[in-house]
2 protein chains.
Amino acid sequence: MKPAEYARQHQDDFLAELQEFLRIPSVSTQAEHRDDVAHAADWLKARLLEAGFPHAEVMATPGHPIVYAEWLAAGPDAPTVLIYGHYDVQPAEPLELWKTPPFEPTLAGDDLFARGASDDKGQLYVHVKAAEAFHKNSGRPPVNLKCLFEGEEEIGSPNLAPFIRQNAALLAADVALISDSHILGPDAPAIVYALRGMCYVQVEVTGPAQDLHSGSYGGAVNNPINALTRMLAQLQNESGEITIPGFHDRVRPLTEDERAKMARLPFEREQWLKEAHVTTDWGEQAYTIIERLSARPTLDINGIWGGYTEPGVKTVLPSKAYAKISMRLVPDQEPDEIAQLITDYLTAIAPPGISVKVDYLQGGYGAMVRRDSPAMRAAVSAYEAGYGVTPFFMREGGSIPVVATFQKVLGIETILMGFGLPDDNLHAPNEKVHLPNLYQGVQTAIRFMELLPSV
Amino acid sequence: MKPAEYARQHQDDFLAELQEFLRIPSVSTQAEHRDDVAHAADWLKARLLEAGFPHAEVMATPGHPIVYAEWLAAGPDAPTVLIYGHYDVQPAEPLELWKTPPFEPTLAGDDLFARGASDDKGQLYVHVKAAEAFHKNSGRPPVNLKCLFEGEEEIGSPNLAPFIRQNAALLAADVALISDSHILGPDAPAIVYALRGMCYVQVEVTGPAQDLHSGSYGGAVNNPINALTRMLAQLQNESGEITIPGFHDRVRPLTEDERAKMARLPFEREQWLKEAHVTTDWGEQAYTIIERLSARPTLDINGIWGGYTEPGVKTVLPSKAYAKISMRLVPDQEPDEIAQLITDYLTAIAPPGISVKVDYLQGGYGAMVRRDSPAMRAAVSAYEAGYGVTPFFMREGGSIPVVATFQKVLGIETILMGFGLPDDNLHAPNEKVHLPNLYQGVQTAIRFMELLPSV
């Protein structure tokens with residue numbers, strides 16, 4: 001029996017094991033889930049050994065551990081593939097908006113609902129099952145495999161780049177493979193060739209040194225919430241264009257060729273509005289929705305708080321107000337430089353009586369990979385085998401900063417072989433994965449490994 | 001022994017009883033304190049009976065109860081004084097900023113620290129002790145007394161005006177007396193002749209129907225937090241002038257005479273900055289700080305929230321964002337009309353893809369009383385007796401909507417005989433009261449009752 005056939009016959013095992021994986025609430029952001037994150041790492045290591053990897057280990061970092069595995073039986077002449085994924089997940093809050101419990105995976109038709117089902121446990125697990133299919137049949141994969149599965153992606157991978165730099169020899173490979181992105185539809189596979197970077201900051205503004213009664217001091221004391229809203233409103237105009245001075249200086253312009261190709265991507269505005277749960281699109285009018293979503297920088301306030309936020313009324317003029325802001329960056333913006341620009345600008349526009357502190361919480365580079373490399377040709381053929389159609393090339397709005405790290409530290413390019421769908425509700429309530437995509441994903445991954453040695 | 005002398009000799013009893021009163025966490029806003037509010041009402045009724053009132057009762061309302069007491073022994077020819085106060089207090093949050101526990105009254109020199117020490121338990125209790133001083137000596141006060149002590153002032157007195165309308169005969173009086181304001185300094189008594197009104201709304205803006213991943217949808221979906229900050233920034237300009245269309249239409253202009261008198265009020269900018277815990281003042285440059293604080297309308301965002309507000313990062317594009325906004329109004333602004341104006345304006349400026357809902361949580365009229373009435377002359381003389389100096393006339397920035405209700409329903413004016421200080425930290429951590437002011441307050445209240453029959 002061929003590996004592809006084995007995988008087809010063992011889809012139920014895939015589902016059962018994935019459900020076990022998804023039951024572990026490995027939320028890396030929340031301290032109360034620290035043990036769950038460690039448990040997920042141990043679970044994953046055990047599964048890698050069962051899937052045939054001769055070596056798998058949980059490697060400590062200053063934060064959550066990294067699961068490393070290798071299977072080098074293909075020999076020194078065969079190419080080596082470095083598979084990256086992350087076993088940590090986003091917080092599930094707000095819990096009241098989930099229709100089923102986030103850590104009790106629930107089947108509804110072909111969809112499996114759970115936090116992490118698509119981002120990224122489900123997609124990561126495709127590669128464990130692909131390797132196992134070789135193990136149970138031909139005995140070994142036709143390429144050398146190294147796995148690098150981290151537990152800190154959702155907190156910005158603070159220890160990943162140092163780990164890669166310190167273990168560059170261990171991780172040496174010919175190409176990296178990541179399944180942490182989405183395709184265009186169940187029958188429209190796509191390969192991502194560009195990712196956005198990220199700069200995430202937290203802003204604290206301070207007015208009076210302590211909370212005051214707004215009836216006694218309002219009108220003569222600058223209220224930090226009022227001031228914060230005025231300051232934030234100056235970061236972007238109504239059309240979504242970011243107005244931080246210098247912000248666009250390094251933005252690599254979209255080429256006419258790229259814009260033309262993007263215009264030919266399948267895109268149904270009505271369907272997209274439905275997936276986005278909105279009645280209208282919004283944003284920079286000079287760019288199409290696809291361009292805004294993947295090839296333009298953005299600025300989103302991800303959280304804001306200050307003053308009295310409980311039921312009822314309280315006439316407080318608070319001492320402080322806060323906001324969390326993420327900016328998605330495009331090549332060739334520098335995250336550290338953007339953090340400095342927004343810090344300088346907010347400081348400059350802080351009105352009298354208001355002080356501002358900006359904490360740079362997370363940064364990551366965007367990336368763009370070649371669409372004409374041998375590995376990319378193998379990936380295109382593999383998708384054709386898995387899905388029966390030629391994949392599109394597309395840019396991705398999200399961030400996978402490790403792609404830039406692989407380029408810079410290991411000198412290798414990455415194949416972004418995604419199996420998610422645009423409506424998987426990533427980072428939102430009711431995250432799900434479309435199971436047929438994962439099953440076809442295993443076929444695609446198997447075919448990629450089979451094709452890679454000969455391209 | 002005269003009542004004044006009796007009160008002087010029993011200041012320790014005043015302090016001990018007030019501390020007992022302050023230990024009851026009668027926070028009307030918070031449901032978990034419902035029993036404490038009821039307990040405070042019962043405690044107050046018992047103390048009124050002990051102080052000599054022949055009749056005191058706890059009267060139910062749809063919300064927290066009203067404590068009513070009367071002592072009509074002065075006879076039908078003597079004037080009747082209706083004393084109003086409130087026995088509920090603001091929430092104590094944020095608890096971590098209190099230097100001593102908010103409901104364990106703590107003495108530091110002449111100051112007593114506790115939630116409600118100044119607003120309004122301490123000031124209310126002045127009148128209980130003044131009545132008791134007559135009871136223990138001459139036997140009865142020289143005026144008829146009615147007490148109306150409510151437990152919902154800090155939630156906007158939703159049941160007070162209906163109660164007054166339903167019990168207009170019971171509450172009939174010649175003048176109302178309220179101690180719920182501050183004087184200018186320990187040796188600078190003042191009588192408030194104008195109060196601001198209030199309009200308090202809660203704003204909910206909705207973008208997408210559910211939370212989204214900002215990396216997947218940011219840039220093409222209008223983020224409700226971004227939108228809310230832009231909308232709020234349009235309510236007021238940088239100098240504090242409110243820019244809601246129609247907002248100023250009914251504002252009664254300050255007369256030149258009033259402005260001249262306000263300019264002569266004792267005011268030390270440096271001292272005020274210290275009390276406000278700020279390094280600079282702010283606000284409408286065409287008006288002095290005193291005018292901005294008491295005679296101009298204001299707009300303060302008292303709370304704002306939306307998205308992810310826990311430690312760490314989450315790249316959520318939330319479905320909703322919220323703000324609580326209070327506007328202080330001046331005569332002759334109409335609170336209901338202002339609520340409609342801000343609702344209409346926010347609805348009009350809501351950008352595409354953003355819906356807005358405005359809940360009108362609380363409203364109250366401002367008020368202005370005569371400075372030349374007989375009762376006011378008695379109050380001036382009483383302060384002179386209590387403090388040894390003539391009180392100033394001033395306007396107050398806070399709101400006591402019952403003053404307008406007394407005018408409209410009972411046809412009587414109110415004497416605002418305050419004993420607080422500007423730095424009492426009302427509605428803020430570390431609320432306190434300056435005890436000598438309360439002791440002089442009892443003297444002033446006694447003298448007012450003695451003088452009133454003859455003016």
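Two strands pair if DSSP finds at least two bridges between them. Strands (E, at least two residues) and helices (H or I, at least four) are DSSP runs, numbered from the N terminus. The structure is a predicted model, in which local features need pLDDT of at least 70, side-chain atom pairs count only at pLDDT 80 or more, and totals for chains, interfaces and linings use all residues. Residues are numbered from 1 along each chain as its sequence is written, and chains are lettered from A and ligands numbered from 1 in the order in which they are written.

**Exercise 1. Pairing inside chain B and across the chains**

Task: Determine which residue of E13(B) stands opposite B:Leu299, and how many bridges join E11 of chain A to E11(B).

Solution.
Step 1. Within chain B, E11(B) pairs with E13(B) in the antiparallel sense, over eight bridges. B:Met327 in E13(B) is the residue opposite B:Leu299.
Step 2. Across the chains, strand E11 (residues 298–307) of chain A is joined to E11(B) by five bridges, and the two run antiparallel. Here A:Trp305 stands opposite B:Trp305.
Step 3. The strands assemble into an open sheet of eight with antiparallel pairing, in the order E14(A)-E9(A)-E13(A)-E11(A)-E11(B)-E13(B)-E9(B)-E14(B). Strand E14 (355–364) of chain A and E14 of chain B are at the edges with a single partner strand each, so one side of each has no neighbour in the sheet. On average, neighbouring strands of this sheet are turned by 20° against each other, direction ignored; axes are lines fitted to C-alpha atoms, for helices over the stretch in contact, and angles run from 0 to 180 degrees between N-to-C directions.

**Exercise 2. The relation between the chains**

Task: State what rotation superposes chain B on chain A, and how many residues of chain B are in contact with chain A.

Solution.
Step 1. Superposition is by least squares on the C-alpha atoms of residues with pLDDT of at least 70 in both copies. Chain B falls on chain A after a rotation of 180° with 0.0 Å of shift along the axis, at an RMSD of 0.0 Å. The two copies are therefore related as by a two-fold rotation axis. The same surface serves both copies, since 100% of the contact residues of chain B recur in chain A.
Step 2. Contact (C-beta atoms, placed from the backbone, within 7 Å) links 78 residues of chain B with 78 residues of chain A. Elements of chain B that supply at least two residues to this side include helix H6 (214–217), helix H10 (289–294) and strand E12 (316–317). E11(B) gives the most, with nine residues.
Step 3. By class, this side of chain B has 32 nonpolar, 36 polar and 10 charged residues. Ala, Val, Leu, Ile, Met, Phe, Trp, Tyr, Cys and Pro count as nonpolar, Asp, Glu, Lys and Arg as charged, and the others, Gly among them, as polar.

**Exercise 3. Helix H7 on the sheet**

Task: Establish which strands H7(A) lies across, and how many of its residues are buried.

Solution.
Step 1. Helix H7 (residues 224–232) of chain A lies across E9, E11 and E13 of chain A together with E11 of chain B, at about 15° to E13(A). H7(B) lies across E11 of chain A together with E9, E11 and E13 of chain B, at about 15° to E13(B).
Step 2. A residue is buried if 20 or more other C-beta atoms, placed from the backbone, lie within 10 Å of its own, exposed if 12 or fewer, and partly exposed in between. Nine of the nine residues of H7(A) are buried, among them A:Asn226, A:Arg230 and A:Leu232.
Step 3. These buried residues pack against E9, E11, E13 and helix H11 (335–349) of chain A, together with H7 and E11 of chain B.

**Exercise 4. A loop residue of chain A**

Task: Decide whether A:Asp174 counts as buried, exposed or partly exposed, and which residues beyond its sequence neighbours are in contact with A:Asp174.

Solution.
Step 1. A:Asp174 lies in the loop between helix H5 (160–166) and strand E7 (175–178) of chain A.
Step 2. A:Asp174 counts as partly exposed because it has 17 C-beta neighbours inside 10 Å.
Step 3. Leaving aside neighbours within four places in sequence, A:Asp174 is in contact with A:Pro79, A:Thr80 and A:Ile412. A:Pro79 is 95 residues away in sequence, yet 6.1 Å away in space, C-alpha to C-alpha.

How values were computed: Contact = placed C-beta atoms within 7 Å.
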